[in-house]
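Good morning, everyone. I should like to walk through two parts of one structure with you. Please look at the display as I speak.

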Amino acid sequence: MPIIEIRGHKYEVDEDGFLQSPEAWNDEVACDFATTEGIASLTEDHWKVVRYMRSYWQENNSVPLARKLCKETGFTLQQLYDLFPSGPVNGACKLAGLSKPPSCA
Amino acid sequence: MERPLIYLDNAATVWPKPENVYHFMLDFYRSTGVNPGRSGYDLAQEAGSLLERLRGRLTKFLGGDVDAPERLCFGYNATDAMNLVIPGLLSRGDHVITTNLEHNSVIRPINHLVREEGVEATYIPFDAQGFVEPDTIRKAIRGNTRAVIVNHGSNVIGTIQPIAEIGKICSERGITFVIDTAQTAGVIPINMKEMNVDVLVFTGHKALMGSMGIGGFCIRKHVNLRRTRAGGTGVRSADPYHIEEYPWRMEFGTPNMVGVAALWAGQEWLEEKGIGNVYAHEMKLARRLVDGLRKIDKVRIYCCESLEDHLSTVSMNIDGMDAADVGVMLDVDHSVATRTGLHCAPLVHEQLGTANIHGSVRFSIGAFNTEEEIDATIKGVEAISHWVDTRRSRPAAGAPAVSN
């Protein structure tokens, strides 16, 4: 497995650069991965999304659909894109230490 | 209140299905859901009768050998059928010609045979409008070319290939010609005999208006496939080996009779509506969609300069946006269901240059879509395109940083 180093911390990641083991996640992981996503610092809004992603994953062992993410966090999709420039799926998943959801591409 | 979904993913599966299909599936399964033909009682014979009548009906619909309906064999879907047809035709040392338009249902079985069985393969590119030039196929033929396999209608860009011309070339050279009609069966008229098609692969859950879980192929009388599976047939059970006669030769285990019922009802619906009428409706909407998309800044449409010889499938991207993100926005903000990504047809995207931007956004229009839905879709794309502009012109949002 590839290992990346961010701000002096080493992480085992998958081929897409997502944390290999979601169980290894903590707040520091989110802060470190934020820098790889071009997010200078995490705001309360970012944490709201990340916390929701984590709790959804813990309950369902999967990632919420974008529609549900909007509904549960109260953000519009465009606000989510503003918060996570690479998108709620890629960006928020990465910060929350979750695998990239499978996709056709 | 959530807006009703605008379903534009009919190339993945046609949905909804005609009401008579739902009703007949349920009624048939409730009244006649027994194993067809395996046992002698009347109900089993009745179920078997629908299965055999469907073989004949579909053979006629596809222009196969109507005096040999047993050569229409059922499987689960087009991928399943291709996995019977391709290894059933090709052996070590054989050469196969196919195209960059193929779905993975063709690409992967061929690639496995190339890697593991010593089969040789040539992939023919399509031109700038999305068509394969028959003469390019002619020039690729070698002494050991055993088969030509062509996707009749692209599931990505919607172009319909010149099957009759390619079929003529194959017929003259004695090469087995296989077509994938996953996107075309039930959409445009097909006549295997007139088009010199030797094997036609179909799926049931798209424009044939059947259900998921049924598909198959129709094979002409002069062609044979090597059997690559074995098992129950319901006949001649004492034989230690699989039955060699069609359809048993290429069918294995209890068939999907709910799917058979769905396909039967789908045929009824198509016959009543007329596939020409359905196709005309879909293409009218496709033209409306393309005309609308063309007016939007930054939208790039693929292979739709002309909609002649085209299905109602349209692929596009918005410059500067990942296709998946556009799909998510269309879904969440505009209630439009599309398919984004590579569409299980990676070579199409490699040739279009869209593989490295995660494919494209595909709109695939069906029989039940309306002008209002197309207009709402165009507005949705317009809004996203506008949002891309405004997003570029301002810094990323976010409240002041907080420690957590």
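Which residue takes a positive phi just after helix H7 of chain B? The residue is Gly274(B), with a phi of about 85°. Please keep in mind that this is a predicted model.

Let us stay with helix H7 of chain B, which comprises residues 257-273. At 1.5 Å a residue, its 17 residues should span 24 Å, and the end C-alpha atoms are indeed 24 Å apart, so the expectation and the model agree. Many residues of H7(B) are buried, including Met257(B), Trp264(B), Gln267(B) and Leu270(B). The run from Gly259(B) through Val260(B), Ala261(B), Ala262(B), Leu263(B), Trp264(B), Ala265(B) and Gly266(B) to Gln267(B) is buried as well. What covers these buried residues? Among the elements that do so are helices H1 (19-32), H2 (42-61) and H8 (275-294) of chain B.

I turn now to strand S5 of chain B, residues 145-151. Six of its seven residues are buried, which means that the strand is largely enclosed by the rest of the structure.

Which strands pair with S5(B)? One of them is strand S3 of chain B, residues 95-99, which pairs with S5(B) in the parallel sense over three bridges. Here His95(B) has Thr145(B) as its bridge partner. Another is strand S6 of chain B, residues 176-180, also parallel to S5(B), with five bridges. In that pairing, Ala147(B) stands opposite Thr176(B).

Finally, consider how S5(B) and S6(B) are connected with a helix. Together with helix H6 of chain B, residues 163-173, these strands make a right-handed β-α-β unit.

Thank you for your attention.

Conventions:
Residues are numbered from 1 along each chain as its sequence is written. Chains are lettered from A and ligands numbered from 1 in the order in which they are written. This is a predicted model: local features need pLDDT of at least 70, side-chain atom pairs count only at pLDDT 80 or more; totals for chains, interfaces and linings use all residues. A residue is buried if 20 or more other C-beta atoms lie within 10 Å of its own, exposed if 12 or fewer, and partly exposed in between; C-beta atoms are placed from the backbone. Helices (H or I, at least four residues) and strands (E, at least two) are DSSP runs, numbered from the N terminus. Two strands pair if DSSP finds at least two bridges between them. A crossover is right-handed if, with the strands pointing away from the viewer, the path from the first strand over the helix to the second runs clockwise. The expected span of a helix is 1.5 Å times one less than its number of residues. Two residues are in contact if their C-beta atoms, placed from the backbone, lie within 7 Å.
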